[in-house]
Amino acid sequence: MKFRSLTGVVLAMGAALISAVPAAADSLPGDADNDGKVNVADIAMIASHIKGIRSLDKDNYAAADVNEDGNIDVTDISMIAAHIKGIKAIGSSDEPVINEPKGPEIVTKDGVTYVDGILIANKSYALPENYGNGNSYTSDNSFGLTPETYAAFCEMQSGAYRDGYSLWVCSGYRSYWYQSDLYWGYVNRDGQSEADTYSARPGHSEHQTGLALDINYADSWFDNTAEARWIAENCADYGFILRYPKGKEDKTGYMYESWHVRYVGKELARKVTDSGLCLEEYLGIDSYYH
Ligand SMILES: [Zn+2]
């Protein structure tokens, strides 16, 4: 694709665009990324915002090619401005081209957060202290995992075995208080900022959901094993996603963990895995301690 410089056009349209995009009060109108310039990156961010792409990735220039003709030009700017002004169609097509912004549906029930129906525990969304009490290794012999999660793991374990690999549960359900002991132990050892990169604060651990587990060894040396590669390539077939993928540390809030998987069901696992996004990106949510 080829992209032309749009500075002049964008400056002219800035007043119309600025109402839809938050920007610092002292910045140029239309300078969506606050870098002191109004250019094609800002148009990409504005278009991304309208399309409901939450990351506002300034490199996502393709989003600005609203009519998908391979160029970012005045027609695209007109369509964006028309959309903001509530004029649904402009230019060559009678159909509205830009979808309404669609954020995730976030529902809290008994202190538990569901995003588009998916139970979420991360740095932004915590579980109540008593969540999952009653799950335990000793009572049901399935590591405190939910029945669906444990059944899916057993199926995956059989699949791995057929391929010549041995998988086992290294850590399943962890209670709030067990996580509290773990976390504060790490804080004492490494300091809080370091501990926060690899261990969840109590209430924020996905292990407390009963839907997540660590396989074989929860240690970075496991990354380079054949078992870790097998998990990465096959876990989606059994309904699991790698929850903390490599390169997504700033989205998930955690370092890469080749051993930690989360059960989401086969359909969603396939969609998330094929998207190349981590779960936070896929759902349009964040993960940091507020
Ligand atoms: Zn884990």
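1. Let's start with a loop: the one running between β7 (212-215) and α8 (226-234) is where you'll find Trp221. Keep in mind that this is a predicted model. Is Trp221 exposed or partly exposed? It counts as partly exposed, because its relative accessibility comes out at 47% and the exposed class only begins over 50%.

2. Trp221 also has company at the surface. Together with Trp168 and Tyr217, Trp221 makes up a nonpolar surface patch of about 330 Å².

3. Now the metal. Which protein atoms act as donors to the zinc ion? They are NE2 of His207, OD of Asp214 and ND1 of His260, sitting 2.0 to 2.1 Å from the zinc. Along the chain, the spacing of these donor residues reads H-x6-D-x45-H. Two of the residues named here, His207 and Asp214, are buried.

4. On to the sheet. Four strands make an open sheet, ordered β6-β7-β9-β8, with antiparallel pairing. At the edges are β6 (169-171) and β8 (240-244), each of which pairs on one side only. If you're after the twist, neighbouring strands in this sheet are turned against each other by 50° on average, ignoring direction. As a reminder of the chemistry, strands of a sheet pair through backbone hydrogen bonds, either parallel or antiparallel.

5. One pairing to look at in your viewer: edge strand β8 runs antiparallel to β9 (residues 257-263), and the two are joined over four bridges. For a specific contact to click on, take Leu242, whose bridge partner in β9 is Val261.

Terms used:
Residues numbered from 1 in each chain as written. Predicted model: local features only at pLDDT ≥ 70, side-chain atom pairs only at ≥ 80, totals over all residues. Heavy atoms only, no water. Donors = N, O, S within 2.8 Å, 3.2 Å for Na, K, Ca; no water. Buried < 20%, exposed > 50% of the residue type's maximum accessible area, 1.4 Å probe, protein only. Pairing = 2+ DSSP bridges. Axes fitted to C-alpha atoms, helices over the stretch in contact; angles between N-to-C directions. Patch = residues over 30% accessible without salt bridge, like charges linked within 9 Å, V, L, I, M, F, W, Y side chains within 5 Å. Areas by Shrake-Rupley, 256 points an atom, 1.4 Å probe, with all protein chains shown as cover. Salt bridge = Lys/Arg side-chain N within 4 Å of Asp/Glu carboxyl O.
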